[in-house]
Amino acid sequence: LSLGLLGTAASGGGGVSAGKATLKLQRTAPLTLRGARFVRAERVVVSVRGNRRQTKRVTANDCGVFVVTFPCVTYDRCDALRADAVGSRGSRAGLKLPPLLCPPSL
């Protein structure tokens, strides 16, 4: 399974990050995302658009990492998935999984 990843970061004042922030799909059921290279202790708003939209707020740990789970959002590889993480100190990352070719339903 090939996952298309999109990651960007902007380093704002007030913290140190270890490069570009990233957001990756860690698990599909329940939908779990892992953010890395955020500013330590940064508050992050994570928004997901799959079969439904949902937003959660998390805090990166001292290493700039967080894991967030969206139990009510399902990911089907035949549908697209989009997620964005925006930190309070300027870190940003995104994840975009385009739909794969799937046979038509009968």
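**Exercise 1.** Which residue in β3 is the bridge partner of Thr 22?

*Solution.* Start with the ground rules: this is a predicted model, where local features need pLDDT of at least 70, side-chain atom pairs count only at pLDDT 80 or more, and totals for chains, interfaces and linings use all residues. Numbering runs from 1 along each chain as its sequence is written, and side-chain values use heavy atoms, with hydrogens and water left out.

Next, find the strands (DSSP runs of E, at least two residues, numbered from the N terminus). Strand β2 covers residues 22-28 and β3 covers residues 31-36. They run antiparallel, joined by 6 bridges; for two strands to pair, DSSP has to find at least two bridges between them. A hairpin of 2 residues links β2 to β3. Now read off the partner: Thr 22 bridges to Ala 36.

**Exercise 2.** Work out how many helices and strands the protein has.

*Solution.* Count helices (DSSP runs of H or I, at least four residues): there are 0, alongside 8 strands. Walking from the N terminus, you get β-β-β-β-β-β-β-β.

**Exercise 3.** Check how confident the predictor is, and where the pLDDT drops below 50.

*Solution.* Take pLDDT, the predictor's confidence in each residue from 0 to 100. Its mean for the protein is 85, and 83% of residues reach 70 or more. Then look at residues 1-14: pLDDT there is below 50, yet the model gives this stretch 33 contacts (heavy atoms within 4.5 Å) beyond near neighbours in sequence.

**Exercise 4.** Find what share of the protein is buried.

*Solution.* Apply the cut-off for buried (under 20% relative accessible area, 1.4 Å probe, protein chains only). Of the 106 residues, 31% are buried.

Terms used. Buried means under 20% relative accessible area, exposed over 50%, partly exposed in between (1.4 Å probe, protein chains only).
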